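Trainee: Could you take me through one part of this protein closely? I would like to look at the sheet and the helices that pack on it, with a word on burial and surface along the way.

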Amino acid sequence: RPWSHTAHSARHPKIPAGIGTMLQLDTETIYQAIGQALHLTTATRQSRKGYISSWKAFAPAWAGKVGIEAVDRAMRGEGAPAPIWEGEDGVIAWLLSGPEQVYRVPLPEPGEPKRAILDSYTKEHSAEYQSQALIDLARRLRDRIGDPDQVASIVLHTSHHTHHVIGTGSNDPQKFDPNASRETLDHSIMYIFAVALQDGTWHHERSYAPERASRPDTVALWQKISTREDPEWTRRYHSTDPAEQAFGGRAEITLRNGEVIVDEIAVADAHPLGAKPFEREQYIAKFFDLSEGVVDEAEQQRFLSVVQGLSEVRAGELAALNIVIDPAVLQLAPTIPAGIFG
């Protein structure tokens with residue numbers, strides 16, 4: 001359905017249910033909080049189509065804020081539209097598959113270990129998840145291709161989701177625009193694959209820089225890349241078997257001399273079944289990479305010590321997880337224009 005999945009942070013009951021459980025609220029209060037959060041955070045997927053703005057990143061934070069406030073209001077006696085899910089004019093009837101549709105949500109039995117977090121996968125690269133494996137594939141193909149200028153065309157055969165969300169199946173011309181926003185480039189596998197092929201790496205700032213996106217040789221290579229849906233990759237994308245589920249694709253690269261180079265990758269290197277699964281060392285390295293120049297060294301070490309000793313943190317000490325930004329960095333933040341409130 002064309003709804004923003006980032007809004008699921010509150011649209012799904014996890015935030016009100018989680019907070020309500022921690023506060024030991026009664027079932028009725030949590031029920032009302034869930035209804036409010038769901039009612040107020042329905043966002044369309046247009047935030048991830050066409051020209052993508054910073055709202056894409058803001059949507060989950062907004063949904064989380066609404067979820068917290070919903071619990072507060074429910075505790076004060078404010079009710080919610082009910083039944084919000086299965087009501088005649090509710091979410092299932094109008095926003096999902098229709099009033100006759102039945103959805104079943106698997107939940108752990110009482111006392112059963114909660115292992116769903118193990119079904120989430122780390123991003124090694126700061127880019128849309130469907131691009132993770134293809135970035136690794138591009139890095140792997142560099143030596144076989146040699147000079148990227150010799151590429152005549154690149155076709156990425158991949159899943160329906162990847163083709164339609166970040167590929168040419170989206171029909172978004174903005175995905176080929178060198179002046180597009182960072183958020184738009186983040187959802188263009190054509191741009192991402194071109195840069196990863198040329199640079200052999202991906203960086204959370206340098207790879208998105210305007211001067212990087214507008215490089216003539218990058219623009220030329222970028223325009224030669226397209227995606228196609230492959231039924232087998234779509235089937236594997238939706239597989240519930242962890243050993244078979246895949247988020248990658250197959251690259252067919254035709255060089256100017258007629259040579260065709262073909263290679264494929266099922267999961268990203270950092271995936272638990274990938275070539276280099278992320279472990280603690282890699283998580284720490286990623287933290288240092290992302291916080292470099294933003295958080296000073298002493299604060300980096302303080303934060304890491306708290307995180308790695310989290311099981312020993314006592315009630316009332318969770319504020320130690322709030323990281324302090326270097327004041328010099330904050331002073332460089334752009335001035336925000338005045339709004340209606342000054």
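Mentor: Happy to! Let us settle one term before we start: a residue is buried under 20% relative accessible area, exposed over 50%, and partly exposed in between. Please keep in mind that this is a predicted model.

For orientation, the protein has 15 helices and 4 strands. Its C-alpha atoms fill a box of roughly 70 × 55 × 50 Å along the principal axes. Of the 342 residues, 41% are buried. Among contacts with a separation of 6 or more, 64% link residues that lie 24 or more positions apart.

Now to the sheet you asked about. It is open, with 4 strands in the order 2-1-3-4 and mixed pairing. Strand 2 (225–229) and strand 4 (260–265) form the edges, each pairing on one side only. From one strand to the next, the twist averages 20°. As a general reminder, strands in a sheet pair through backbone hydrogen bonds, in either a parallel or an antiparallel way. Here, strand 3 (residues 249–255) and strand 4 run antiparallel and are joined by 6 bridges. If you want one pair to find on screen, take glutamate 252, whose bridge partner in strand 4 is valine 262.

Two helices that pack on this sheet deserve your attention. Helix 6 (residues 132–145) touches strand 1 (151–158), strand 3 and strand 4, and its direction makes about 145° with that of strand 4. Helix 9 (residues 189–199) touches strand 1, strand 2 and strand 3, with its direction at about 125° to that of strand 2.

Follow the chain on from helix 9 and you come to histidine 204, in the loop between helix 9 and helix 10 (210–213). Histidine 204 has a relative accessibility of 12%, which is under 20%, so this residue counts as buried. Leaving aside residues up to four places away in sequence, histidine 204 touches Ser126, Arg182, Asp289 and Leu290. With Leu290 the separation along the chain is 86 residues, yet the two C-alpha atoms are 7.6 Å apart.

For a contrast in burial, look at valine 307 in helix 14 (residues 297–308). Its relative accessible area is 36%, between the 20% and 50% limits, so valine 307 is partly exposed. Together with Leu310, Leu318 and Leu321, Val307 makes a nonpolar surface patch of about 310 Å². As for the whole surface, the protein exposes about 19900 Å², and carbon and sulfur atoms supply 56% of it.

Technical notes: Residues numbered from 1 in each chain as written. Predicted model: local features only at pLDDT ≥ 70, side-chain atom pairs only at ≥ 80, totals over all residues. Heavy atoms only, no water. Patch = residues over 30% accessible without salt bridge, like charges linked within 9 Å, V, L, I, M, F, W, Y side chains within 5 Å. Areas by Shrake-Rupley, 256 points an atom, 1.4 Å probe, with all protein chains shown as cover. Salt bridge = Lys/Arg side-chain N within 4 Å of Asp/Glu carboxyl O. Buried < 20%, exposed > 50% of the residue type's maximum accessible area, 1.4 Å probe, protein only. Pairing = 2+ DSSP bridges. Axes fitted to C-alpha atoms, helices over the stretch in contact; angles between N-to-C directions. Contact = heavy atoms within 4.5 Å.
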